[in-house]
Amino acid sequence: MARLIVVGGSKGIGNAIVTSLLSSYDEIVNISRTAPEQSHHNLKHYECDITNDELPNIDAADGLVYCPGSINLKPINRLSIDDFKNDFEINVLGAVKAVQKYLPALKNGKNPSVILFSTVATKLGMPFHASVAASKSAVEGLTKSLGAELAPTIRVNAIAPTVTDTELASKLLRNERMVDNMNERHPLKKYLQPQEVADMAGFLLSNKAASLSGKIFEMDCGIISFKM
Ligand SMILES: NC(=O)c1ccc[n+]([C@@H]2O[C@H](COP(=O)([O-])OP(=O)(O)OC[C@H]3O[C@@H](n4cnc5c(N)ncnc54)[C@H](OP(=O)(O)O)[C@@H]3O)[C@@H](O)[C@H]2O)c1
């Protein structure tokens, strides 16, 4: 039985991943604080706050995607130590907890693969991103280290998106002017839709990506790659 575990599949990018892969797996297990809006015979939901609760036991899985994250943008003098700790907890320690918990299940899976989430802000210095950039840089280090440690059995990759149209980024896309500015800032004159990121995740989980591990895949709409 092909099974995918998605932590944070109720909303945003995780939800797009769940929706687009429902027919590719016999079971997708979603773990989040709230249930996904959709229901499907292949979709199972566990209510769980990754920072506080025990994760459910699962005996075998072919993939693990860890989606929870933060966009906590403030000038450095307004970022508290607790802000840094909270960002580290949800972005890094939550991912560590999920990987540690489901390592035995992944070892029982077929061509298993893990996907974590970074951001373009690790490569592109941007004001007010100190806390999230620090945490996501740790996610990238984790990706590379685990990729090496778990080779050749389990592949581990990260996707580093630019702004993606989800609830998490809603403050950055509040009105038409902000949407126009966001499109304009990117050399490809667009930002991301969750489905585009889900397509990348689907590829990385599949056997088509059998040679890829320890990689950070920037989906940057040109913002890191090009100076126009
Ligand atoms: N959106 C962007 O512009 C953007 C840009 C760069 C990087 N990223 C990264 O991409 C990833 C996905 O982002 P997104 O925009 O899809 O985020 P999102 O819309 O906030 O969705 C996050 C998902 O994680 C779940 N979640 C959050 N906290 C949780 C917790 N404590 N315990 C269990 N589940 C939790 C949420 O479900 P519940 O609320 O139901 O728990 C939701 O399903 C994140 O790591 C983010 O940092 C996003």
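**Backbone features, helix packing and pockets**

P152 is located in the loop that runs between α3 and β6 (155–161). In this predicted model, the peptide bond joining A151 to P152 is cis, with omega at about 0°. A further backbone feature concerns F128, a residue other than glycine whose phi is positive, near 75°. F128 belongs to the loop between β5 (113–117) and α3.

The packing of two helices was then examined. The axes of α1 and helix α5 (residues 194–205) come within 8 Å and cross at roughly 60°. Because oblique is the class for angles that are neither under 35 degrees, over 145, nor from 65 to 115, α1 is oblique to α5. The crossing in which α1 passes α5 is right-handed. On the α1 side, the contact is formed by G12, I13, A16, I17, S20 and L21; on the α5 side, P194, Q195, V197, A198, A201, G202 and L205 take part. Nine residues of this contact are nonpolar and four are polar, while none is charged.

Open space in the model was analysed next. The largest pocket has a volume of about 1,500 Å³. Its lining consists of 50 residues, of which G69, S70, I71, L168 and A169 are the closest to the pocket centre. Four elements each give two or more residues to this lining, namely α1 (12–21), β2 (27–32), α3 (130–150) and α4 (176–185). The largest share is that of α4, with four residues. Divided by class, the lining of the largest pocket contains 25 nonpolar, 18 polar and seven charged residues. Helix α1 thus appears both among the elements that contribute to this lining and in the contact with α5.

The second largest pocket holds about 190 Å³ of space. A2, S24, Y25, D62, K110, N111, L205, S206 and N207 form its lining. By class, three of the lining residues of the second largest pocket are nonpolar, four are polar and two are charged. L205, listed in this lining, is also one of the α5 residues in the contact with α1.

Technical notes:
Residues are numbered from 1 along each chain as its sequence is written. This is a predicted model: local features need pLDDT of at least 70, side-chain atom pairs count only at pLDDT 80 or more; totals for chains, interfaces and linings use all residues. Side-chain values use heavy atoms; hydrogens and water are left out. On a 1 Å grid over the protein atoms alone, a cavity is a set of points where a 1.4 Å probe fits but cannot get out, and a pocket is an open set with protein on both sides within 12 Å along at least five of seven lines; lining residues have an atom within 4 Å of a point. Grid points are joined across faces, edges and corners, and a volume is the space filled by probe spheres set on the points. Ala, Val, Leu, Ile, Met, Phe, Trp, Tyr, Cys and Pro count as nonpolar, Asp, Glu, Lys and Arg as charged, and the others, Gly among them, as polar. Axes are lines fitted to C-alpha atoms, for helices over the stretch in contact, and angles run from 0 to 180 degrees between N-to-C directions. A crossing is left-handed if the near helix is turned anticlockwise from the far one by less than a right angle, and right-handed if clockwise. Contact means heavy atoms within 4.5 Å.
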